[in-house]
Number of protein chains: 2
Amino acid sequence: MVTRKERAALTRAALLDAARRVFAERGYLGTKITDITAAAGRSTGTFYEHFADKDELLTALMADLENDADIGIEHLEGEHDLTDRAHLRAHIAVFVTVYRKHLPVIVARLQSTMAADPSTGSAWRTLYDETGSFRRHLEYLSEKGHRLPGDPALLAAAMGAMMSMLGYSLFTAGDHGPAYGDDAIVDALTDLLLNGLAGAGQ
Amino acid sequence: MVTRKERAALTRAALLDAARRVFAERGYLGTKITDITAAAGRSTGTFYEHFADKDELLTALMADLENDADIGIEHLEGEHDLTDRAHLRAHIAVFVTVYRKHLPVIVARLQSTMAADPSTGSAWRTLYDETGSFRRHLEYLSEKGHRLPGDPALLAAAMGAMMSMLGYSLFTAGDHGPAYGDDAIVDALTDLLLNGLAGAGQ
DNA sequence: GTCTATACTGGGATAGAC
DNA sequence: GTCTATCCCAGTATAGAC
């Protein structure tokens with residue numbers, strides 16, 4: 001016995017899943033509502049029974065992702081030291097793992113953010129919000145007396161910007177780009193941020 | 001005496017200039033052809049006499065920018081050392097200067113790139129192309145025996161990604177974001193990349 | 001709740017007069 | 001070359017039957 005409510009939940013899930021698949025192919029901006037419903041085997045009108053618009057669907061997808069990301073960095077919080085290689089590497093590894101797993105959603109999200117009116121400053125807002133973990137760690141270091149190369153919020157944003165944009169470029173490149181393994185990427189970013197260019201030769 | 005040709009050139013210039021102004025306000029994606037023509041004091045049809053579409057106009061604007069950028073890094077080419085603080089800083093400074101000066105065009109360009117179909121890998125292509133200078137310097141270091149934290153192309157892309165995305169976020173934030181001076185930004189990025197987090201305390 | 005059919009809108013692009 | 005007027009399409013969103 002399948003209730004009305006259960007069928008609705010099923011349809012909703014089908015739409016969300018279809019959206020991920022279609023976003024992976026065509027991205028967020030290139031995807032029409034009808035693309036999603038077609039991929040889900042549902043009709044156009046049904047979409048609006050579950051979401052007000054494409055943006056609301058994206059928000060729903062983001063919820064899953066944020067949950068995963070929170071779980072990933074949960075045990076990394078606390079008074080750890082970001083200048084410790086293993087700890088910095090773990091942070092970056094979480095980022096890469098989540099990026100890989102939720103690629104369609106992250107791609108969609110970044111496209112959506114970049115498509116927004118620049119003068120609202122939404123890009124900064126998003127970047128700031130998404131780099132809270134880095135920022136807190138850097139602030140902690142700063143308070144402890146460690147002399148950082150700049151303001152914690154600025155550095156955290158710079159690190160986040162690097163990872164977001166590089167991840168987007170690299171992971172959407174597919175056959176059109178280079179084939180680095182995840183470990184190579186994580187190691188390179190870790191050592192670049194930890195020791196920089198000058199320190200790496202030693 | 002103003003010839004037909006001169007008037008046409010004037011109109012073209014007016015359209016380009018108007019586009020910069022409107023892009024600064026609403027961005028590339030949020031700007032309609034009619035916004036540009038209205039700002040230029042011309043009529044809709046006239047636009048198509050000079051450009052096939054919005055994208056072609058953007059390409060024309062990019063030409064100016066690339067010229068400026070080339071001039072900026074011209075004297076930085078050659079067998080210099082990117083692990084030398086002054087040299088790395090000069091590179092980053094050029095980037096910030098060009099970003100500031102051509103902000104509307106860079107914003108437009110990044111929006112346009114991000115709006116493209118992700119599966120074509122155009123983001124990687126663009127990033128790769130725009131980081132040629134970094135890449136060549138790193139390859140030179142690598143050949144000289146300096147042990148880098150990763151593949152030159154990957155590191156160059158990472159640095160470019162950081163600067164592009166951070167620049168976009170920071171410079172479009174306006175009142176909605178923090179107010180770092182250009183020097184603070186350049187110094188922070190320089191030291192972050194040169195010494196990293198661990199080396200900065202020394 | 002889901003379908004089909006259709007109305008509506010924004011915006012790109014063109015035709016033809018001047 | 002530039003203008004005005006208009007066409008046209010893609011894509012969103014709704015109305016009403018089932």
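What follows is a look at how the protein chains meet DNA strands C and D in a predicted model.

A few ground rules come first. Residues are numbered from 1 along each chain as its sequence is written, chains are lettered from A and ligands numbered from 1 in the order in which they are written, and side-chain values use heavy atoms, with hydrogens and water left out. Since the model is predicted, local features need pLDDT of at least 70 and side-chain atom pairs count only at pLDDT 80 or more, while totals for chains, interfaces and linings use all residues.

Take DNA strand D to begin with. Around this strand sit 14 residues, where a residue is near a strand if one of its heavy atoms lies within 4 Å of it. The closest are A:K32, B:T11, B:S43, B:T46 and B:H50. Sugar and phosphate make up 74% of the atoms of DNA strand D that come within 4 Å of the protein. Several phosphate oxygens here take part in polar contacts (pairs of N or O atoms within 3.5 Å; within protein, one must be able to donate a hydrogen and the other to accept it, and residues adjacent in sequence count only if both atoms are side-chain atoms). A:K32 uses an N or O atom of its side chain, 2.9 Å from a phosphate oxygen of strand D. Polar backbone atoms do the job for A:I33, at 3.1 Å, and for B:S43, at 2.9 Å.

Helices (DSSP runs of H or I, at least four residues, numbered from the N terminus) show up on this surface too. At least two residues each come from α3 (44–50) of chain A and from α1 (4–26) and α3 (44–50) of chain B. The top contributor is α3(B), with four residues. By class, the surface near strand D holds three nonpolar residues (Ala, Val, Leu, Ile, Met, Phe, Trp, Tyr, Cys and Pro), five charged ones (Asp, Glu, Lys and Arg) and six polar ones (the others, Gly among them).

Now for DNA strand C. This strand has 15 residues around it, and A:T11, A:S43, A:T46, A:H50 and B:K32 come nearest. Of its atoms within 4 Å of the protein, 75% belong to sugar or phosphate, and bases supply the rest. The side chain of A:T46 places an N or O atom 2.6 Å from a phosphate oxygen. A:S43 relies on a backbone N or O atom, at 2.8 Å, and B:K32 on a polar side-chain atom, at 3.1 Å. On this surface, α1(A) gives the most, with four residues. The tally by class is three nonpolar, six polar and six charged.
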